[in-house]
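Open the model in your viewer and keep the selection tool ready. Each stop below says what to select and what is there.

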Amino acid sequence: MKEESTDFIRQRISEDLATGKLKGEVVTRFPPEPNGYLHIGHAKSICLNFGVAEQFGGFTYLRFDDTNPEKESDEYVQAIIRDVAWLGFDWGDRLTHASDYFQKLYDFAEDLIRDGKAYICSLSGEEIRAGRGTLTEPGQDSPYRNRAVEENLDMFRRMRAGEFSDGAHVLRAKIDMASPNINLRDPVLYRIRHATHQRTGDTWCIYPMYDYTHCICDALEGITHSLCTLEFEDHRPLYDWVLDNINVNIHPPQIEFSRLGLEYTVMSKRLLQRLVEENRVDGWDDPRMPTIAGLRRRGVTPGAIRDFCRRVGVTKQDNVVEMSLLEFCIRQDLESASPRAMVVLDPLKVTLTNYAEDNETLEAPWHPQQDHLGRRSIPFGPNLFIEREDFAEVPPKKFKRLSPGEMVRLRYGYIIRCDEVIKDFDGRITELRCSYFRDSKSGADTSGLKPKGVIHWVAAEASVPVRVRLYERLFREPAPSGSTFLQDLNPESMRVVEARAEPAIMDSVETRFQFERTGYFCRDSELENVFNRTVTLRDSWKP
RNA sequence: UGGGGUGUCGCCAAGUGGUAAGGCACCGGGUUUUGAUCCCGGCAUUCGCAGGUUCGAAUCCUGCCACCCCAGCCA
């Protein structure tokens, strides 16, 4: 079994347990906002939160951070639930929503007002921004900062009752307009939004802000370690301020770690959403997307993603992980589990001029090392297809495939020799005329011939036409810039090819295969006779 | 130039005063009817830089430098 990781967060939890600071179970939460699909960066957080709880014998909430009705929807909620479950994590009955706590949140807000720690500010959005100061200059107190408690309470209730229009007033915390930390310059706690919430409908027209909501939900759920990404580090004093100023007896520590960066893609819901909305990809589950749904449709396994997240680690360092690590994890997980098949992606006709038999049937294991996967039949005949790139009229040095006058073994079949190359008027090769060696049958080879290499092939008539989608990186730049990322898109991120597959895979119940010598492929979940290339095979051939 | 962070091999990442783990990538070599898998071996005298403390420093101190985040009624 894999040894358990010990990143700084797990070390911290171990300490809390050892010093008695934490008694009882470790409780974490994964708190997505349902305003988009989850991506592999979220997977890192999911693996961390669920992994930590599992490792220390606790549990994890799946909590939707649904405080902004204008951007959130049930479609996203359902997609997120599906993705977290698919990744292999179980939240039991601990599926919650920030909106479950709207009334409690509201009550705490009234408490803050009564305590003189929050006030209704009637400045406009621009005025509030202007009054906030800058990074180097302190802000100015709002003229409403010292509004009387009773008036604040009355106005807050009227806000809730729907007496005001959007933006007319907000509830602000009374902290310090001169704080060097901008988040402490009387942050907005509640705003008016006459919008229908995907869960609470029109019950509310005021909605709490993230900073106010998140910490209270954590406390109410008894979260013992509130893990989030680095950009919230500056918000920690506010997280602490809220919990210190309301009547709760739980105060989880917020611990921040760095987000995952991955080469040749973007990891921002906003940018991913643009790709979807501007039809640069075919939806959130386009196999080129770094979304969980995209990776799934591409054929990536949950285990590969979990392994990737484990190998990537958890630190506070900014990082951009190379795609080769993800690919390694995918190949490793697929290698022993995937049945093999022969599929010719770019067919070149081969005619065996001396093949006089009736068509015959060969047999091969589904996997060269995994006998338990069984065997399959492979039809053979005088008319074949081989991979166009497995033939070279003028072979480069160390070429182990077919060329004029040379021999090659057809995998699980016979040895053939290329005798003649047929071309059309444009000089394009249209057919190879070859002879086969009858006594060289795989497993019963008495020919004594020693061909340089082995290639995959398919019988022309018996093979099945399938459409194969070959994916490349979505972006041509390792780190697409947020502002010009559309220009960085790789125009060749998907190539569709009409291939010929051995018939056995059409009868198989498997969805993932290794197409020998070309890569790992997955039957598309939506489209008939379509296979997606999950990842290529490692290729160490260098001419 | 205010505040908050981060700097260890191409990319991740251990290391918490005792003399630089590991993974990916890469480079050799072996096995192989997938140029796959698998197996062996190689790969940081040096930890952003410069000083200092110490018998001893990636780890402690001082000063620089670089990069990331923050001025939503987003999360």
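Select helix H1 (residues 8-18) and helix H2 (residues 40-55). H1 passes H2 in a right-handed crossing; that term means the near helix is turned clockwise from the far one by less than a right angle, and anticlockwise would make the crossing left-handed. The two axes come within 11 Å and cross at roughly 35°. Axes here are lines fitted to C-alpha atoms, for helices over the stretch in contact, and angles run from 0 to 180 degrees between N-to-C directions. Helices (H or I, at least four residues) and strands (E, at least two) are DSSP runs, numbered from the N terminus.

Now show side chains. Which residues make the contact between H1 and H2? On H1, pick Ile9, Arg10 and Ile13. On H2, pick Leu48, Gly51, Val52 and Gln55. Contact means heavy atoms within 4.5 Å. This set divides into 4 nonpolar, 2 polar and 1 charged. Ala, Val, Leu, Ile, Met, Phe, Trp, Tyr, Cys and Pro count as nonpolar, Asp, Glu, Lys and Arg as charged, and the others, Gly among them, as polar.

A word on the model before moving on. It is predicted, so local features need pLDDT of at least 70 and side-chain atom pairs count only at pLDDT 80 or more, while totals for chains, interfaces and linings use all residues. Residues are numbered from 1 along each chain as its sequence is written, chains are lettered from A and ligands numbered from 1 in the order in which they are written, and side-chain values use heavy atoms, with hydrogens and water left out.

**The three-strand sheet**

Stay with H2. It lies across S1 and S2, running at about 160° to S1. Add helix H3 (residues 74-86), which packs on the sheet and touches S1, S2 and S3. The direction of H3 makes about 160° with that of S2.

Next, select the strands themselves. The sheet is open, with 3 strands in the order S1-S2-S3 and parallel pairing. Two strands pair if DSSP finds at least two bridges between them. Strand S1 (27-30) and strand S3 (95-97) each have a single partner strand, so one side of each is left without a neighbour in the sheet. On average, neighbouring strands are turned by 35° against each other, direction ignored. Strand S2 (residues 59-64) pairs with S3 over 3 bridges. Look for arginine 63: it stands opposite threonine 96 in S3.

**The seven-strand sheet**

Move on to a second open sheet, this one of 7 strands with mixed pairing. Trace the order S19-S16-S17-S18-S12-S15-S20. Strand S19 (454-455) and strand S20 (457-459) are the edges, each pairing on one side only.

Start at S20. It pairs with strand S15 (residues 383-387) in the antiparallel sense over 3 bridges. There, isoleucine 386 has tryptophan 457 as its bridge partner.

Then select strand S16 (residues 407-410) and strand S17 (residues 415-423), which are antiparallel over 3 bridges. Arginine 409 stands opposite isoleucine 415. Their hairpin has 4 residues between the strands, and tyrosine 412 takes a positive phi near 60°.

Step across to strand S18 (residues 429-436). It pairs with S17 in the antiparallel sense over 7 bridges. Valine 421 has leucine 432 of S18 as its bridge partner. In this hairpin, with 5 residues between the strands, glycine 427 takes a positive phi near 90°.

**RNA strand B**

Last stop: select RNA strand B and the residues around it. How many residues surround RNA strand B? There are 67, and the closest are Arg193, Arg311, Arg340, Arg411 and Ser442. A residue is near the strand if one of its heavy atoms lies within 4 Å of it. By class, this surface has 23 nonpolar, 19 polar and 25 charged residues. Helix H12 (323-335) is one of the elements that supply at least two residues; its 4 residues are the largest share.

Finish on glutamine 514. One of its polar side-chain atoms lies 2.6 Å from a base nitrogen of RNA strand B. That is a polar contact: a pair of N or O atoms within 3.5 Å; within protein, one must be able to donate a hydrogen and the other to accept it, and residues adjacent in sequence count only if both atoms are side-chain atoms.
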